[in-house]
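Welcome, and please open the model in your viewer. We will go from one selection to the next, with a short note on what is there at each stop.

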Amino acid sequence: MRLCNEIPDSELKKRQHPRQNDVRGDYYRDTTAIIHSSPFRRLKHKTQVFFAPSNDHICTRMEHCLHVASIASTICRGLGLDTELAWAIGMGHDLGHTPFGHTGEKIISSLLVERGLAPFQHEVNSLRVVDFLSNDGKGLNLTYAVRDGIVSHCGETMRQAIRPDGKVKDLSRITSRSGLVPSTWEATVVRFSDSIAYLGRDFEDAFRLGIVTDGELPDIVRLKLGTTNSQIIDCLVEDVIAHSSPEGISFSDEVFPAVEALVQFNYQKIYRSRMLVGYERYFSRLIRLIVQYLEELFKANGFEQAGYLEERNMLAVAFWRHITKMRQAYLEHDGSFALMVMDYVAGMSDNFCLDCADEILKPLHLNEESEEALLGKWFDAR
């Protein structure tokens, strides 16, 4: 069996702006661009499911991307597909995620809708990050195949089998993940790998935090998939390799009911747990506070520096520096500044978000007048 992409290689490797090839090759070059980008660095302080900055053993968004890339490249190796393409998509697929995981995504989406704008979807925002927001509005200039894989990676919608559509899409016109099907086999593998990566790991983290016990797992999950993250990953990776065909990347009839049972278990016992519901109330207040603060600052001061300096805090200064650099890029790309505040807040790490709220509510300059008070520990805001 050999799985071949229907789209010519020349189209898959096309970039928005031509670049001369180098020794890395097209897809490995994309991986290095992603790794060296600021949005990727911030993933190490972004929630995957559980907000636990003091617990090194709880999965972060960066760790999740590494898991997805590793699983996807393993499956692609087993299926004779391009492992470097799978790795690049996996590393970049969540660059557009918000602080505080899907809870933050839900909150920012509500804020956008309240302002008459389109709801937030991290898949679409991840494409916006690599195409526009990174590199001071220049984007990362990734290949079509990687960009398509990023925007169509949605692993929250569980399907037993998916076949790539083999079409070249106008990715710049995509506004919703609804109905999106990947263009390539490798991107389809990443979509499955996203699910494989979070199913077992979310259970493992919940177990570590005492939210669930392994004895609560449904019998079909215990018997078919296992009771640990490593057992679940091994089972599902081997199952996908063994049962995928030219008809599509697929879970087997035997294993898929267990996957559905684990998804249902995680939703009931983990994602709707009191802990995560509590997160939503707290983080909603926090994110709304920051958004309102920045919107009022921008409305009052526009791009004039003085008003931001008068705030005498790191957030105001950093935001002014950011919008000053991005001013022309927003005009050329969006034709307005309507999304500027939301883009900025969505890009924040958990830690930065918490520090920003502290600064708004507890201004440091009331106690000291030094430059350190202006920039705080985020010294690189300058």
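Start by selecting Asp136: at 39% relative accessibility, this residue counts as partly exposed, where partly exposed lies between buried (under 20% relative accessible area) and exposed (over 50%), using a 1.4 Å probe and protein chains only. Asp136 is part of helix H7; helices here are DSSP runs of H or I with at least four residues, strands are runs of E with at least two, and both are numbered from the N terminus. Colour Asp136 by its backbone angle if you can: its phi is positive, about 55°, although it is not a glycine.

Now select Asn135. Asn135 also lies in helix H7, which covers residues 122–137. Its phi is near 60°, again a positive value in a residue other than glycine. Asn135 is partly exposed, with a relative accessible area of 45%.

A word on what you are looking at: this is a predicted model, in which local features need pLDDT of at least 70 and side-chain atom pairs count only at pLDDT 80 or more, while totals for chains, interfaces and linings use all residues. Residues are numbered from 1 along each chain as its sequence is written, and side-chain values use heavy atoms, with hydrogens and water left out.

Zoom out to the whole chain. How many helices and strands does the protein chain have? There are 18 helices and two strands. The radius of gyration (taken over C-alpha atoms) is 22 Å, close to the 21 Å that the globule rule gives for 382 residues, so the chain is as compact as a globular protein of that length. That rule is 2.2 Å times the number of residues to the power 0.38. Turn the C-alpha trace about, and along its principal axes it spans about 65 × 55 × 40 Å. Buried residues make up 54% of the 382 residues.

Next, select helix H13, residues 274–301. At 1.5 Å a residue, its 28 residues should span 40 Å, and the end C-alpha atoms are 41 Å apart, which agrees; the expected span is 1.5 Å times one less than the number of residues. Show the side chains of its buried residues, among them Leu276, Tyr279, Phe283, Ile287, Ile290 and Leu294. An α-helix has 3.6 residues a turn, so residues three or four places apart point the same way.

What do the buried residues of H13 pack against? Add helices H6 (101–114), H12 (256–271), H14 (305–310), H15 (314–333), H16 (340–346) and H17 (350–361) to the view. Just after H13, click on Gly302, which takes a positive phi of about 55°.

Move on to helix H9, residues 185–208, and pick Thr188. Is Thr188 buried or exposed? At 0% relative accessibility, Thr188 counts as buried. Leaving aside residues up to four places away in sequence, Thr188 touches Ile162, Pro164, Pro182 and Ile249; a contact means heavy atoms within 4.5 Å.

Finish with Glu186, also in helix H9. Glu186 is buried, with a relative accessible area of 4%. Its contacts, not counting residues up to four places away in sequence, are Asn5, Cys76, Leu81, Asp82, Leu85, Ala86 and Ile89. For a last step, draw a line from Glu186 to Leu79: these two are 107 residues apart in sequence and 9.7 Å apart in space, C-alpha to C-alpha.
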